[in-house]
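Got the model open in your viewer? Let's take a walk around the ligand and then through the pocket that surrounds it.

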Amino acid sequence: MNMSNKPYSNDSKIIVALDYADVESALQLVNQLDPALCRLKVGKELFTAVGPQFVEDLSHAGFGVFLDLKFHDIPNTVAKACAAASNLGVWMLNVHASGGLEMMQAAQQAVSHSHEKPILIAVTVLTSMNQAGLKQIGIQTELATHVLNLAKLTQQAGLAGVVCSALEAPSLRQQLGKDFCLVTPGIRPSNASLDDQSRVVTPVDALKNGASYLVIGRPITQSADPLKTLEAIYADCADLKL
Ligand code: C5P
């Protein structure tokens, strides 16, 4: 990894999901990438396995890091976790909107008071949940309405945006305005394998639907030539000025 401490100056809309279990595997990909081309997402697996130092190293190497730890706890604990994450120099982090208004406000306050002031977003309803799953935890509301309600609560709490499916992006964009940040996983270039994702959207369509950032994992991480794949995605989106 280039450790030259250069700040990222790009505004790349692609966030590559570093879904690996160890530093060596993650670095094998990172060393082929450039902070000017993409941002990186570090999730629970990699963070739990390798710890905060690696996140700091990625940030120091110039990458914008989305720390995807989806905090969900009492307001004081979440605020402190967000402050600690901010101190790692991350570009973006997230909490669960179902932690409630007070929890999200405490998280936003902690982030706003930090030196780095990362972008704070919320997860509304996990895409692994369906209507029956919601009912099991006592929520009778229709799933799409529940997503919208939680996104509105997120906006009310002062957070920058939400994680959502690119299929939900048009209605969230319409309801929550042009400045609300919509971060969309489940992205597949038209020639890519679906893997275990079922409701996928191409990068071009996700951007047309109003996505602010695209989270892309396996189409890039499992590619024989990740850089070439990333460049091909940019080429597809050239007309949209990605
Ligand atoms: O490999 P793939 O492109 O499917 O990876 C997508 C990334 O986005 C993974 O890190 C996955 O955990 C995450 N994610 C998702 N769906 C959500 C939220 C996060 O696929 N609803």
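Start by colouring the shell around the ligand by residue class: you should get five nonpolar, three polar and four charged residues. Keep in mind as you click that this is a predicted model.

To see who those residues are, select Ala-17, Asp-19, Lys-41, Thr-127, Pro-185, Arg-188, Gln-197, Val-215, Ile-216, Gly-217, Arg-218 and Pro-219, which surround the ligand. Switch to cartoon for a moment, and pick out strand 8 (213-216) and helix 10 (218-221): each supplies at least two residues of that shell.

Now zoom in on the polar contacts. Pick Lys-41, where a polar side-chain atom sits 2.9 Å from an oxygen atom of the ligand. Next comes Thr-127, with a polar side-chain atom 2.7 Å from a ligand nitrogen. At Arg-218, look at the backbone instead: an N or O atom there lies 2.7 Å from a ligand oxygen. Taken alone, the ligand would expose 460 Å², and the protein buries 80% of that.

Hide the ligand and turn on a surface. The space the ligand takes up is the largest pocket, with about 1000 Å³ inside. Which residues come closest to its centre? Select Lys-70, Thr-127, Pro-185, Gly-186 and Gln-197, out of 40 that line the pocket. For the elements giving two or more residues to this lining, highlight strand 2 (39-43), helix 2 (44-50), strand 3 (65-71), helix 7 (143-156), strand 8 and helix 10.

Last stop: colour the whole lining by class, and you'll find 17 nonpolar, twelve polar and eleven charged residues.

Methods:
Residues are numbered from 1 along each chain as its sequence is written. This is a predicted model: local features need pLDDT of at least 70, side-chain atom pairs count only at pLDDT 80 or more; totals for chains, interfaces and linings use all residues. Side-chain values use heavy atoms; hydrogens and water are left out. A residue is near a molecule or strand if one of its heavy atoms lies within 4 Å of it. A polar contact is a pair of N or O atoms within 3.5 Å; within protein, one must be able to donate a hydrogen and the other to accept it, and residues adjacent in sequence count only if both atoms are side-chain atoms. Accessible areas come from the Shrake-Rupley method with a 1.4 Å probe; for residues, only the protein chains shown count as cover. On a 1 Å grid over the protein atoms alone, a cavity is a set of points where a 1.4 Å probe fits but cannot get out, and a pocket is an open set with protein on both sides within 12 Å along at least five of seven lines; lining residues have an atom within 4 Å of a point. A molecule sits in a cavity or pocket if more than half of its atoms lie within 2 Å of its grid points. Helices (H or I, at least four residues) and strands (E, at least two) are DSSP runs, numbered from the N terminus. Ala, Val, Leu, Ile, Met, Phe, Trp, Tyr, Cys and Pro count as nonpolar, Asp, Glu, Lys and Arg as charged, and the others, Gly among them, as polar. Grid points are joined across faces, edges and corners, and a volume is the space filled by probe spheres set on the points.
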